[in-house]
Every structure is written in C-alpha cells, then in structure tokens.
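Take a moment to look over the sequence and the model side by side before reading on. The paragraphs below begin with a single residue and then widen the view.

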Amino acid sequence: MIKTEKEEFNVLIKDIIENSSFRELDSEMHHGISRFQHSYRVAWGVYKLTKKLHFQYQEATRAALLHDFYFNYQLEENGDVKNLVEHPSMAVLNASKYYDLSERQKNMIESHMFPLCKVMPKYKESFCITLVDKLVAIYEQNRYKVGMKLGVYLLFLFNMLTLQK
Ligand SMILES: [Fe+2]
Ligand SMILES: [Fe+2]
C-alpha cells in the first residue's frame, strides 16, 4: 500500500535505480556531484511538477531519471558543444538497451537540452523535463561554486595563519 509521494516515486523508479549499468552513473561527475544524484534530483522535481499538473507523470518521471544516461567515455574529447547537443541521443540509446521507451519518453529525453538539441520538445512533459533539468543544473552549479569559493577562502586563511607563525 503506497502512502506517500516519496514511496510512490521510489516504486516508480525502483527497477532503474537497481540497474547495475545505470548505477555506474554514481561514479560519473556532473555539476560537481555524481550524474546519478543529478538524475535522481531531476526525476523527483519532474515527478512533483507533472503530478501536480495532472500530466503523464509516471512516464515523465522515468524519462527524467534516464535523461542523462550516458558515460564520459562515450563523449568526444574537446567537443564540449557537440557533446551538449549529442548526449541526449546517447541517453536514449543506452536507456533503450534496458527499457521499452515510448515515443513520448524518447522525445522527453532527446529534447531535454532544448534549445541546444537536434530534437524539439513535442509534449508538455518534455517541456517540464527541460525546465526542471535547467533549474536543477543552476542550483547544483551554484552550490558547487559556493563550496569551491569557501574552500579557496579557507585555504587562503590557513596559509595566512601558517605563514605568520
Ligand atoms: Fe543532459
Ligand atoms: Fe541533466
């Protein structure tokens, strides 16, 4: 018996987060955290938003979790802009090895970098994923930068104190 939203969310994504290939995203860095953590955060945000709006939240949540299912070794070296554009297609290819994605889910994943992508969002759920992904990315990058700045200041302070001895 599902009682809370968190419980429903966990049941919805259980098979994906237990997939050993998907769990390899735990060791892929993304915005200063793991790509698994980033994907989980986006999926939770999309679950909350699409459920509230009475959209296809079950499909959208799973697509959101799979939206960055790619590995650094699959990216081209020195191709940052190309990688930004190409990685959604890689995520669809990787996810399709394990899951039977609907056309709607493929579009949700392939268009998540809108407007920096080859495929345009066709569904309202696709717009939700691209929006939540951007908000989460901004949050994560700023959190990471704050941590970095704090680290630099502490290092500076430590150096000052040790130099004065
Ligand atoms: Fe992405
Ligand atoms: Fe993302």
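Leaving aside its neighbours within four places in sequence, which residues is Ala-64 in contact with? In this model, which is a predicted one, Ala-64 is in contact with Val-42, Ala-43, Val-46, Ile-129 and Val-132 once those sequence neighbours are set aside.

These contacts lead to the largest nonpolar core, which has 30 residues, and the members that touch the most others are Ala-43, Val-46, Ala-60, Ala-64, Leu-66, Ile-129 and Val-132. The elements that each contribute two or more residues to this core are H1, H3, H4, helix H5 (80-96), helix H6 (103-110) and helix H7 (124-163). It is H3 that gives the most to this core, with eight residues.

With the core in mind, the whole chain can be surveyed. The protein chain has seven helices and two strands, and when it is read along the sequence these follow the pattern α-α-β-β-α-α-α-α-α. Its C-alpha trace spans about 65 × 45 × 30 Å along the principal axes, and buried residues make up 33% of the 165 residues in the chain. Among the contacts with a separation of 6 or more, 54% are accounted for by residues 24 or more positions apart.

The next stop is helix H1, which covers residues 5-17 and so has 13 residues according to the helix assignment. From its first C-alpha to its last H1 reaches 17 Å, close to the 18 Å expected at 1.5 Å a residue, although the helix also bends by about 35 degrees at Val-11. The buried residues of H1 are Phe-9, Ile-13 and Ile-16, and what covers them includes helix H2 (20-23), helix H3 (35-52) and helix H4 (57-66). It helps here to recall that an α-helix has 3.6 residues a turn, so residues three or four places apart point the same way.

Further along the chain comes H5, which has 17 residues and reaches 24 Å from its first C-alpha to its last, close to the 24 Å expected at 1.5 Å a residue. H5 bends by about 40 degrees at Glu-86, and a proline, Pro-88, follows within four residues. The buried residues of H5 are His-87, Pro-88, Ala-91, Val-92, Asn-94 and Ala-95, while H4 and H6 are included in what covers them.

How do H5 and H6 meet, and at roughly what angle do their axes cross? The two axes come within 8 Å and cross at roughly 140 degrees, with Pro-88, Ser-89, Ala-91, Val-92 and Ala-95 in H5 meeting Lys-106, Ile-109 and Glu-110 in H6. The residues of this contact divide into five nonpolar, one polar and two charged. Helix H6 itself is largely enclosed by the rest of the structure, because six of its eight residues are buried; these are Gln-105, Lys-106, Asn-107, Met-108, Ile-109 and Glu-110.

A last residue, Asn-142, lies in helix H7. Is Asn-142 buried or exposed? Asn-142 is exposed, because 12 other C-beta atoms lie within 10 Å, and a residue counts as exposed if that number is 12 or fewer. The C-alpha atoms of Asn-142 and Ala-63, which are 79 residues apart along the chain, are separated by 25 Å.

Note on methods:
Residues are numbered from 1 along each chain as its sequence is written. Chains are lettered from A and ligands numbered from 1 in the order in which they are written. This is a predicted model: local features need pLDDT of at least 70, side-chain atom pairs count only at pLDDT 80 or more; totals for chains, interfaces and linings use all residues. The expected span of a helix is 1.5 Å times one less than its number of residues. The bend at a residue is the angle between axes fitted to the seven residues ending there and the seven starting there. A residue is buried if 20 or more other C-beta atoms lie within 10 Å of its own, exposed if 12 or fewer, and partly exposed in between; C-beta atoms are placed from the backbone. Two residues are in contact if their C-beta atoms, placed from the backbone, lie within 7 Å. A nonpolar core is a set of buried Ala, Val, Leu, Ile, Met, Phe, Trp, Tyr and Cys residues joined through C-beta atoms within 7 Å. Axes are lines fitted to C-alpha atoms, for helices over the stretch in contact, and angles run from 0 to 180 degrees between N-to-C directions. Ala, Val, Leu, Ile, Met, Phe, Trp, Tyr, Cys and Pro count as nonpolar, Asp, Glu, Lys and Arg as charged, and the others, Gly among them, as polar.
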